[in-house]
Amino acid sequence: MRSTKILATSLLLTSVNSFSVLTQSSTSYKTALSAVGNHNDESTPTSNNNNNNSNWIKQGQQAVASALLAATLWSAPTPDMPFVPQNAMTTSVAQAKEMASGTGSRVNKDAESLLRYGLPINNKEVRKLQLKLETVKYDISSKRKSAALDGTQKSAALMKADKEKYKASCRDPKICDELVTSMAAQIDPLTTAIKASMDSLNGSDQERTALDKAYVAQKDIVSMLSTLEEQMIPAGYKTEVPAEYSELPRLEGRATVEMIINKEQEGDTFDVNGLTFPQAKMTMVIDGYAAPLTSGNFVELVQKGFYNKMLIQRSDGFVVQTGDPDGEADGYVARGSKAVGNGKHGERIIPLEITVVGDKAPFYETTIEDEGRGGQATVLPFASYGAMGWAREEYDPNTGSSQFFWLLFDSDLTPAGKNVLDGRYPCFGYVVEGSDFLQDIKEGDLIVSAKVTTGAENLVLGK
(Lines give C-alpha, C1' and ligand atoms only; values in the text may rest on other atoms or scores of the structure.)
Protein backbone atom coordinates (compact mmCIF):
# COMPACT_ATOMS: atom_id res chain seq x y z
CA MET A 1 0.00 0.00 0.00
CA ARG A 2 2.75 2.42 0.93
CA SER A 3 4.74 1.99 -2.30
CA THR A 4 1.65 2.49 -4.44
CA LYS A 5 0.82 5.66 -2.56
CA ILE A 6 4.32 7.03 -3.15
CA LEU A 7 4.03 6.23 -6.87
CA ALA A 8 0.76 8.15 -7.08
CA THR A 9 2.34 11.13 -5.33
CA SER A 10 5.22 11.03 -7.79
CA LEU A 11 2.80 11.07 -10.69
CA LEU A 12 1.02 14.02 -9.13
CA LEU A 13 4.22 16.01 -8.68
CA THR A 14 5.35 15.09 -12.20
CA SER A 15 2.10 16.45 -13.65
CA VAL A 16 2.43 19.69 -11.72
CA ASN A 17 6.11 20.13 -12.53
CA SER A 18 5.59 19.40 -16.23
CA PHE A 19 2.86 21.97 -16.49
CA SER A 20 4.96 24.48 -14.57
CA VAL A 21 7.77 24.09 -17.11
CA LEU A 22 5.39 24.43 -20.04
CA THR A 23 3.99 27.68 -18.70
CA GLN A 24 7.37 28.90 -17.39
CA SER A 25 5.87 29.05 -13.92
CA SER A 26 7.85 28.95 -10.69
CA THR A 27 4.83 28.47 -8.44
CA SER A 28 5.03 26.19 -5.44
CA TYR A 29 3.31 22.82 -5.33
CA LYS A 30 0.44 24.25 -3.28
CA THR A 31 0.06 27.23 -5.60
CA ALA A 32 0.14 24.96 -8.65
CA LEU A 33 -2.72 22.92 -7.25
CA SER A 34 -4.84 25.99 -6.71
CA ALA A 35 -4.04 27.34 -10.16
CA VAL A 36 -5.18 24.41 -12.26
CA GLY A 37 -8.73 23.43 -13.10
CA ASN A 38 -11.81 24.59 -14.93
CA HIS A 39 -12.84 28.08 -13.88
CA ASN A 40 -16.16 28.15 -15.71
CA ASP A 41 -18.26 28.26 -12.54
CA GLU A 42 -20.64 31.21 -12.75
CA SER A 43 -19.29 32.57 -9.49
CA THR A 44 -15.78 32.82 -10.94
CA PRO A 45 -14.73 35.77 -13.11
CA THR A 46 -13.44 34.77 -16.55
CA SER A 47 -10.77 36.47 -18.59
CA ASN A 48 -11.48 38.30 -21.82
CA ASN A 49 -8.07 37.36 -23.22
CA ASN A 50 -8.85 34.92 -26.03
CA ASN A 51 -5.47 34.68 -27.73
CA ASN A 52 -4.22 31.24 -28.78
CA ASN A 53 -1.62 31.03 -26.02
CA SER A 54 -4.23 31.74 -23.33
CA ASN A 55 -6.55 29.08 -24.71
CA TRP A 56 -3.69 26.59 -24.92
CA ILE A 57 -2.79 27.22 -21.29
CA LYS A 58 -6.41 26.84 -20.21
CA GLN A 59 -6.70 23.51 -22.02
CA GLY A 60 -3.48 22.41 -20.36
CA GLN A 61 -4.83 23.40 -16.96
CA GLN A 62 -7.95 21.33 -17.50
CA ALA A 63 -5.94 18.30 -18.60
CA VAL A 64 -3.55 18.57 -15.67
CA ALA A 65 -6.48 18.98 -13.25
CA SER A 66 -7.77 15.58 -14.32
CA ALA A 67 -4.28 14.11 -14.11
CA LEU A 68 -3.84 15.53 -10.64
CA LEU A 69 -6.96 13.92 -9.28
CA ALA A 70 -6.39 10.64 -11.11
CA ALA A 71 -2.84 10.41 -9.82
CA THR A 72 -3.90 10.95 -6.25
CA LEU A 73 -6.32 8.03 -6.29
CA TRP A 74 -3.85 5.26 -5.48
CA SER A 75 -4.32 1.75 -6.69
CA ALA A 76 -6.22 0.38 -3.81
CA PRO A 77 -7.93 2.99 -4.58
CA THR A 78 -6.87 5.61 -4.73
CA PRO A 79 -9.20 6.58 -5.73
CA ASP A 80 -24.84 26.58 -3.30
CA MET A 81 -27.21 26.79 -5.85
CA PRO A 82 -28.92 23.63 -7.01
CA PHE A 83 -28.10 22.44 -10.53
CA VAL A 84 -31.08 20.33 -11.33
CA PRO A 85 -30.92 16.88 -12.66
CA GLN A 86 -34.44 15.75 -13.44
CA ASN A 87 -35.48 12.59 -11.63
CA ALA A 88 -32.36 10.52 -11.46
CA MET A 89 -34.00 7.21 -12.25
CA THR A 90 -36.37 8.33 -15.01
CA THR A 91 -34.62 11.03 -17.02
CA SER A 92 -33.62 10.07 -20.55
CA VAL A 93 -30.04 9.21 -21.40
CA ALA A 94 -29.85 12.20 -23.73
CA GLN A 95 -30.76 14.50 -20.85
CA ALA A 96 -28.26 12.71 -18.64
CA LYS A 97 -25.43 13.35 -21.08
CA GLU A 98 -26.39 16.99 -21.40
CA MET A 99 -26.40 17.43 -17.63
CA ALA A 100 -22.99 15.89 -17.26
CA SER A 101 -21.26 17.65 -20.11
CA GLY A 102 -22.68 21.15 -19.80
CA THR A 103 -20.01 23.68 -18.87
CA GLY A 104 -20.56 26.81 -16.88
CA SER A 105 -23.28 25.23 -14.74
CA ARG A 106 -23.28 25.98 -11.07
CA VAL A 107 -22.42 22.74 -9.28
CA ASN A 108 -24.96 21.34 -6.85
CA LYS A 109 -22.82 20.67 -3.77
CA ASP A 110 -25.71 20.08 -1.36
CA ALA A 111 -25.54 16.47 -0.15
CA GLU A 112 -29.18 16.34 0.93
CA SER A 113 -30.31 17.79 -2.39
CA LEU A 114 -28.26 15.19 -4.27
CA LEU A 115 -29.83 12.46 -2.17
CA ARG A 116 -33.31 13.76 -2.99
CA TYR A 117 -32.50 13.75 -6.70
CA GLY A 118 -31.19 10.20 -6.29
CA LEU A 119 -34.56 8.85 -5.16
CA PRO A 120 -36.29 6.53 -7.68
CA ILE A 121 -39.46 8.62 -8.06
CA ASN A 122 -41.33 10.08 -11.01
CA ASN A 123 -43.27 13.19 -10.09
CA LYS A 124 -42.32 16.29 -12.05
CA GLU A 125 -44.42 18.56 -9.83
CA VAL A 126 -42.50 17.71 -6.68
CA ARG A 127 -39.22 18.23 -8.54
CA LYS A 128 -40.36 21.76 -9.45
CA LEU A 129 -41.11 22.40 -5.80
CA GLN A 130 -37.73 20.97 -4.77
CA LEU A 131 -35.87 23.26 -7.15
CA LYS A 132 -37.75 26.30 -5.91
CA LEU A 133 -37.21 25.54 -2.22
CA GLU A 134 -33.54 24.67 -2.65
CA THR A 135 -32.97 27.88 -4.59
CA VAL A 136 -34.43 29.78 -1.63
CA LYS A 137 -31.62 28.33 0.50
CA TYR A 138 -29.05 29.61 -1.97
CA ASP A 139 -30.70 33.03 -2.05
CA ILE A 140 -30.72 33.26 1.76
CA SER A 141 -27.04 32.32 2.01
CA SER A 142 -26.06 34.89 -0.64
CA LYS A 143 -28.37 37.60 0.80
CA ARG A 144 -30.50 37.70 -2.31
CA LYS A 145 -33.40 38.62 -0.07
CA SER A 146 -35.94 39.70 -2.68
CA ALA A 147 -35.25 36.53 -4.69
CA ALA A 148 -35.61 34.43 -1.54
CA LEU A 149 -38.95 36.05 -0.73
CA ASP A 150 -40.19 35.58 -4.29
CA GLY A 151 -39.07 31.92 -4.28
CA THR A 152 -40.82 31.33 -0.96
CA GLN A 153 -44.09 32.79 -2.25
CA LYS A 154 -43.87 30.74 -5.44
CA SER A 155 -43.17 27.61 -3.39
CA ALA A 156 -46.36 28.25 -1.39
CA ALA A 157 -48.30 28.63 -4.64
CA LEU A 158 -46.89 25.36 -5.98
CA MET A 159 -47.88 23.48 -2.81
CA LYS A 160 -51.41 24.78 -3.08
CA ALA A 161 -51.77 24.10 -6.80
CA ASP A 162 -50.09 20.68 -6.95
CA LYS A 163 -51.01 19.09 -3.63
CA GLU A 164 -53.32 16.53 -5.22
CA LYS A 165 -50.65 15.59 -7.77
CA TYR A 166 -48.18 14.98 -4.95
CA LYS A 167 -50.68 12.76 -3.16
CA ALA A 168 -51.37 10.78 -6.33
CA SER A 169 -47.78 9.51 -6.29
CA CYS A 170 -47.67 8.63 -2.60
CA ARG A 171 -47.91 5.19 -1.07
CA ASP A 172 -50.08 6.71 1.66
CA PRO A 173 -51.87 9.85 0.38
CA LYS A 174 -52.96 10.77 3.91
CA ILE A 175 -49.35 11.03 5.11
CA CYS A 176 -48.46 13.21 2.13
CA ASP A 177 -51.48 15.42 2.74
CA GLU A 178 -50.29 16.03 6.29
CA LEU A 179 -46.73 16.66 5.14
CA VAL A 180 -47.73 19.28 2.57
CA THR A 181 -49.99 20.96 5.14
CA SER A 182 -47.09 21.11 7.61
CA MET A 183 -44.73 22.45 4.93
CA ALA A 184 -47.23 25.17 4.00
CA ALA A 185 -47.55 26.14 7.67
CA GLN A 186 -43.79 26.80 7.77
CA ILE A 187 -44.01 29.27 4.90
CA ASP A 188 -45.18 32.06 7.20
CA PRO A 189 -42.18 31.83 9.60
CA LEU A 190 -39.85 31.69 6.58
CA THR A 191 -41.51 34.72 4.98
CA THR A 192 -41.45 36.67 8.26
CA ALA A 193 -37.75 35.98 8.76
CA ILE A 194 -36.85 37.01 5.21
CA LYS A 195 -38.83 40.24 5.52
CA ALA A 196 -37.14 40.98 8.86
CA SER A 197 -33.73 40.61 7.20
CA MET A 198 -34.84 43.02 4.47
CA ASP A 199 -35.82 45.59 7.10
CA SER A 200 -32.47 45.30 8.90
CA LEU A 201 -29.25 47.16 8.21
CA ASN A 202 -26.81 45.23 6.08
CA GLY A 203 -24.28 43.45 8.30
CA SER A 204 -26.15 44.15 11.52
CA ASP A 205 -26.84 41.62 14.27
CA GLN A 206 -30.54 41.95 13.48
CA GLU A 207 -29.94 40.95 9.88
CA ARG A 208 -27.80 37.99 10.92
CA THR A 209 -30.43 36.78 13.39
CA ALA A 210 -33.21 37.11 10.82
CA LEU A 211 -31.24 35.23 8.16
CA ASP A 212 -30.43 32.48 10.68
CA LYS A 213 -34.14 32.11 11.40
CA ALA A 214 -34.90 32.02 7.69
CA TYR A 215 -32.25 29.33 7.19
CA VAL A 216 -33.74 27.17 9.96
CA ALA A 217 -37.28 27.58 8.61
CA GLN A 218 -36.16 26.64 5.10
CA LYS A 219 -34.28 23.62 6.44
CA ASP A 220 -37.41 22.44 8.28
CA ILE A 221 -39.44 22.65 5.07
CA VAL A 222 -36.96 20.74 2.90
CA SER A 223 -36.62 18.10 5.62
CA MET A 224 -40.33 17.46 5.25
CA LEU A 225 -39.90 17.59 1.49
CA SER A 226 -37.43 14.69 1.75
CA THR A 227 -40.02 12.66 3.65
CA LEU A 228 -42.65 13.58 1.06
CA GLU A 229 -40.43 12.39 -1.79
CA GLU A 230 -39.57 9.17 0.04
CA GLN A 231 -43.30 8.49 0.23
CA MET A 232 -43.32 8.55 -3.59
CA ILE A 233 -41.00 5.55 -3.91
CA PRO A 234 -43.20 2.71 -5.20
CA ALA A 235 -44.16 0.10 -2.59
CA GLY A 236 -41.70 -2.78 -2.55
CA TYR A 237 -39.23 -1.00 -4.81
CA LYS A 238 -35.85 -2.72 -5.07
CA THR A 239 -32.98 -2.02 -7.43
CA GLU A 240 -32.41 -5.09 -9.55
CA VAL A 241 -29.15 -6.91 -8.87
CA PRO A 242 -27.94 -9.68 -11.22
CA ALA A 243 -28.30 -13.20 -9.82
CA GLU A 244 -24.58 -13.90 -10.16
CA TYR A 245 -23.95 -11.56 -7.23
CA SER A 246 -26.46 -13.21 -4.91
CA GLU A 247 -23.69 -14.29 -2.50
CA LEU A 248 -22.92 -10.65 -1.71
CA PRO A 249 -24.80 -8.44 0.76
CA ARG A 250 -27.03 -5.72 -0.69
CA LEU A 251 -28.89 -2.72 0.67
CA GLU A 252 -32.52 -2.43 -0.44
CA GLY A 253 -33.13 1.23 0.28
CA ARG A 254 -31.07 3.54 2.48
CA ALA A 255 -29.34 3.43 5.84
CA THR A 256 -27.80 6.01 8.13
CA VAL A 257 -24.37 5.46 9.69
CA GLU A 258 -22.85 7.45 12.52
CA MET A 259 -19.07 7.48 12.93
CA ILE A 260 -16.98 8.88 15.79
CA ILE A 261 -13.26 9.59 15.33
CA ASN A 262 -10.58 10.56 17.84
CA LYS A 263 -7.28 12.29 17.26
CA GLU A 264 -4.15 10.13 17.09
CA GLN A 265 -2.69 11.68 20.24
CA GLU A 266 -4.84 11.44 23.34
CA GLY A 267 -6.00 14.87 24.43
CA ASP A 268 -5.64 16.44 20.98
CA THR A 269 -8.71 18.14 19.53
CA PHE A 270 -10.20 18.74 16.10
CA ASP A 271 -9.95 22.32 14.87
CA VAL A 272 -12.89 23.23 12.65
CA ASN A 273 -13.09 26.82 11.48
CA GLY A 274 -11.43 28.07 14.67
CA LEU A 275 -13.55 25.94 17.03
CA THR A 276 -12.17 22.89 18.84
CA PHE A 277 -13.91 19.57 19.44
CA PRO A 278 -12.76 16.53 21.44
CA GLN A 279 -14.18 14.13 18.83
CA ALA A 280 -15.26 14.19 15.21
CA LYS A 281 -18.80 12.96 14.74
CA MET A 282 -20.20 12.42 11.26
CA THR A 283 -23.57 11.20 10.03
CA MET A 284 -23.71 9.56 6.60
CA VAL A 285 -26.60 8.47 4.43
CA ILE A 286 -25.78 5.28 2.53
CA ASP A 287 -27.71 4.74 -0.70
CA GLY A 288 -28.81 1.29 -1.81
CA TYR A 289 -30.89 2.55 -4.73
CA ALA A 290 -27.95 3.57 -6.91
CA ALA A 291 -25.31 1.29 -5.32
CA PRO A 292 -27.00 -1.73 -3.69
CA LEU A 293 -23.94 -4.00 -3.53
CA THR A 294 -21.41 -1.34 -2.55
CA SER A 295 -23.75 0.05 0.10
CA GLY A 296 -24.73 -3.40 1.33
CA ASN A 297 -21.10 -4.37 1.74
CA PHE A 298 -20.34 -1.18 3.69
CA VAL A 299 -23.36 -1.47 5.98
CA GLU A 300 -22.61 -5.13 6.73
CA LEU A 301 -19.01 -4.29 7.63
CA VAL A 302 -20.21 -1.45 9.87
CA GLN A 303 -22.56 -3.84 11.65
CA LYS A 304 -19.74 -6.35 12.10
CA GLY A 305 -17.59 -3.65 13.74
CA PHE A 306 -14.99 -3.96 10.99
CA TYR A 307 -14.12 -0.25 11.02
CA ASN A 308 -14.10 0.12 14.81
CA LYS A 309 -10.62 0.92 16.17
CA MET A 310 -9.27 1.29 12.63
CA LEU A 311 -6.89 4.13 11.77
CA ILE A 312 -7.40 6.73 9.08
CA GLN A 313 -4.87 5.61 6.50
CA ARG A 314 -4.76 8.56 4.15
CA SER A 315 -5.49 12.28 4.31
CA ASP A 316 -3.84 14.34 1.59
CA GLY A 317 -6.18 17.19 0.79
CA PHE A 318 -7.97 15.25 -1.93
CA VAL A 319 -9.46 12.36 0.02
CA VAL A 320 -9.64 10.93 3.52
CA GLN A 321 -9.44 7.15 3.33
CA THR A 322 -9.59 4.04 5.48
CA GLY A 323 -10.64 0.38 5.35
CA ASP A 324 -7.32 -1.47 4.97
CA PRO A 325 -7.10 -3.98 7.86
CA ASP A 326 -3.92 -5.06 9.61
CA GLY A 327 -2.14 -8.00 8.01
CA GLU A 328 -1.34 -8.95 4.42
CA ALA A 329 -4.93 -8.69 3.13
CA ASP A 330 -5.92 -5.37 1.58
CA GLY A 331 -9.58 -5.79 2.50
CA TYR A 332 -12.22 -7.80 4.29
CA VAL A 333 -11.56 -11.55 4.14
CA ALA A 334 -14.71 -13.63 3.58
CA ARG A 335 -16.40 -15.85 1.01
CA GLY A 336 -16.81 -13.99 -2.27
CA SER A 337 -19.25 -14.34 -5.12
CA LYS A 338 -18.87 -16.84 -7.94
CA ALA A 339 -18.88 -13.96 -10.41
CA VAL A 340 -15.86 -12.00 -9.14
CA GLY A 341 -14.45 -14.26 -6.42
CA ASN A 342 -11.76 -13.24 -3.96
CA GLY A 343 -8.52 -11.28 -3.94
CA LYS A 344 -5.08 -12.83 -3.68
CA HIS A 345 -5.21 -12.82 0.12
CA GLY A 346 -8.83 -13.93 0.40
CA GLU A 347 -10.44 -10.48 0.24
CA ARG A 348 -14.13 -10.50 -0.63
CA ILE A 349 -14.32 -8.56 -3.89
CA ILE A 350 -17.15 -6.17 -4.69
CA PRO A 351 -17.62 -5.53 -8.41
CA LEU A 352 -17.47 -1.99 -9.76
CA GLU A 353 -21.05 -0.69 -9.68
CA ILE A 354 -22.21 2.38 -11.64
CA THR A 355 -25.72 3.78 -12.13
CA VAL A 356 -26.27 6.38 -14.84
CA VAL A 357 -29.16 8.81 -14.84
CA GLY A 358 -32.02 7.30 -16.84
CA ASP A 359 -31.04 3.67 -16.12
CA LYS A 360 -33.22 1.49 -13.92
CA ALA A 361 -30.28 -0.45 -12.47
CA PRO A 362 -26.48 -0.29 -12.26
CA PHE A 363 -24.08 -1.85 -14.70
CA TYR A 364 -21.21 -3.86 -13.25
CA GLU A 365 -17.51 -4.64 -13.66
CA THR A 366 -16.85 -1.85 -16.17
CA THR A 367 -16.37 1.91 -16.20
CA ILE A 368 -18.61 4.45 -17.87
CA GLU A 369 -15.99 4.99 -20.60
CA ASP A 370 -15.70 1.26 -21.26
CA GLU A 371 -19.48 1.25 -21.72
CA GLY A 372 -19.12 3.98 -24.34
CA ARG A 373 -21.06 6.46 -22.19
CA GLY A 374 -18.37 8.86 -21.08
CA GLY A 375 -19.69 12.25 -20.03
CA GLN A 376 -23.10 11.03 -18.93
CA ALA A 377 -24.29 11.85 -15.44
CA THR A 378 -24.30 9.33 -12.62
CA VAL A 379 -27.24 9.19 -10.22
CA LEU A 380 -24.98 9.97 -7.27
CA PRO A 381 -22.19 12.29 -8.47
CA PHE A 382 -18.97 13.12 -6.67
CA ALA A 383 -20.17 16.69 -6.25
CA SER A 384 -20.41 17.24 -2.50
CA TYR A 385 -17.76 17.70 0.17
CA GLY A 386 -17.70 14.32 1.90
CA ALA A 387 -19.05 12.29 -1.02
CA MET A 388 -18.23 8.65 -0.26
CA GLY A 389 -16.49 6.47 -2.82
CA TRP A 390 -15.45 2.83 -2.92
CA ALA A 391 -11.73 2.32 -3.38
CA ARG A 392 -10.24 0.00 -5.95
CA GLU A 393 -7.10 -0.47 -8.04
CA GLU A 394 -6.86 2.03 -10.85
CA TYR A 395 -6.69 -0.44 -13.73
CA ASP A 396 -8.87 -3.27 -12.41
CA PRO A 397 -12.56 -2.54 -11.77
CA ASN A 398 -13.08 -5.62 -9.63
CA THR A 399 -10.62 -5.01 -6.78
CA GLY A 400 -12.71 -3.14 -4.22
CA SER A 401 -13.23 -4.89 -0.90
CA SER A 402 -13.49 -2.73 2.23
CA GLN A 403 -11.51 0.43 1.58
CA PHE A 404 -13.47 3.63 1.00
CA PHE A 405 -12.82 7.36 0.87
CA TRP A 406 -14.47 10.69 1.54
CA LEU A 407 -13.82 13.13 -1.28
CA LEU A 408 -12.72 16.61 -0.28
CA PHE A 409 -14.58 18.15 -3.17
CA ASP A 410 -13.10 21.10 -5.05
CA SER A 411 -15.28 22.55 -7.79
CA ASP A 412 -12.22 23.72 -9.73
CA LEU A 413 -10.45 20.36 -9.77
CA THR A 414 -13.65 18.33 -10.11
CA PRO A 415 -16.23 20.40 -12.03
CA ALA A 416 -19.67 18.97 -12.82
CA GLY A 417 -19.44 16.09 -15.28
CA LYS A 418 -15.75 16.70 -15.91
CA ASN A 419 -14.07 14.90 -13.02
CA VAL A 420 -12.25 11.58 -13.19
CA LEU A 421 -14.37 9.90 -10.53
CA ASP A 422 -17.97 9.85 -11.80
CA GLY A 423 -18.53 6.60 -13.63
CA ARG A 424 -15.14 5.20 -12.64
CA TYR A 425 -15.65 4.79 -8.91
CA PRO A 426 -19.01 4.15 -7.25
CA CYS A 427 -20.37 6.94 -5.08
CA PHE A 428 -22.51 5.24 -2.46
CA GLY A 429 -23.44 7.99 -0.01
CA TYR A 430 -22.79 11.42 1.46
CA VAL A 431 -21.89 12.97 4.80
CA VAL A 432 -25.00 14.93 5.79
CA GLU A 433 -23.83 16.11 9.23
CA GLY A 434 -20.31 16.87 10.44
CA SER A 435 -18.57 17.02 7.04
CA ASP A 436 -16.47 19.98 8.23
CA PHE A 437 -14.55 17.58 10.47
CA LEU A 438 -12.98 16.07 7.35
CA GLN A 439 -10.76 19.13 6.99
CA ASP A 440 -8.91 18.17 10.17
CA ILE A 441 -9.11 14.38 10.11
CA LYS A 442 -5.53 13.23 9.56
CA GLU A 443 -3.68 10.00 8.84
CA GLY A 444 -3.32 8.12 12.12
CA ASP A 445 -6.56 9.38 13.68
CA LEU A 446 -8.68 6.59 15.15
CA ILE A 447 -12.21 5.50 14.27
CA VAL A 448 -13.69 4.90 17.72
CA SER A 449 -16.95 3.50 16.43
CA ALA A 450 -19.19 3.20 13.39
CA LYS A 451 -22.80 2.12 13.81
CA VAL A 452 -25.96 1.87 11.75
CA THR A 453 -28.58 4.13 13.31
CA THR A 454 -31.43 3.69 10.81
CA GLY A 455 -32.13 1.39 7.89
CA ALA A 456 -30.48 -1.75 9.24
CA GLU A 457 -33.60 -3.67 8.22
CA ASN A 458 -32.81 -2.83 4.57
CA LEU A 459 -29.65 -4.96 4.61
CA VAL A 460 -30.02 -8.32 2.89
CA LEU A 461 -27.16 -10.73 3.53
CA GLY A 462 -25.68 -12.87 0.77
CA LYS A 463 -26.94 -16.38 0.22
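**Cysteines and a helix pair, step by step**

In this predicted model, C170 and C176 are both buried.

Q: What makes C170 and C176 a disulfide?
A: The sulfur atoms of C170 and C176 lie 1.9 Å apart. The cut-off for a disulfide is 2.5 Å between cysteine sulfur atoms, so the pair qualifies. The count by this rule is 1 disulfide.

Q: Why is the disulfide of C170 and C176 called left-handed?
A: Happily, one torsion settles this. The angle about the S-S bond is about -100 degrees, and the disulfide is therefore left-handed.

Q: How do you know whether C427 is buried or exposed?
A: Take its relative accessible area: C427 comes to 6%. Buried means under 20%, so C427 is buried.

Q: Why are α6 and α10 described as roughly parallel or roughly antiparallel, and which is it?
A: Helix α6 covers residues 124-141 and helix α10 covers residues 205-230; they pack at about 160 degrees, with axes 10 Å apart. Angles over 145 degrees count as roughly antiparallel, so α6 and α10 are roughly antiparallel to each other. The crossing of α6 past α10 is left-handed.

Q: Which residues make the contact of α6 with α10?
A: From α6 they include V126, L129, L133, V136 and I140, along with R127 and K137. Among those from α10 are L211, A214, Y215, I221, V222, L225 and L228, as well as Q218 and E229.

Q: How do the residues of this contact divide into nonpolar, polar and charged?
A: There are 12 nonpolar, 2 polar and 4 charged residues in the contact of α6 with α10.

Conventions. Residues are numbered from 1 along each chain as its sequence is written. This is a predicted model: local features need pLDDT of at least 70, side-chain atom pairs count only at pLDDT 80 or more; totals for chains, interfaces and linings use all residues. Side-chain values use heavy atoms; hydrogens and water are left out. Buried means under 20% relative accessible area, exposed over 50%, partly exposed in between (1.4 Å probe, protein chains only). Axes are lines fitted to C-alpha atoms, for helices over the stretch in contact, and angles run from 0 to 180 degrees between N-to-C directions. Helices (H or I, at least four residues) and strands (E, at least two) are DSSP runs, numbered from the N terminus. Angles under 35 degrees count as roughly parallel, over 145 as roughly antiparallel, 65 to 115 as roughly perpendicular and the rest as oblique. A crossing is left-handed if the near helix is turned anticlockwise from the far one by less than a right angle, and right-handed if clockwise. Contact means heavy atoms within 4.5 Å. Ala, Val, Leu, Ile, Met, Phe, Trp, Tyr, Cys and Pro count as nonpolar, Asp, Glu, Lys and Arg as charged, and the others, Gly among them, as polar.
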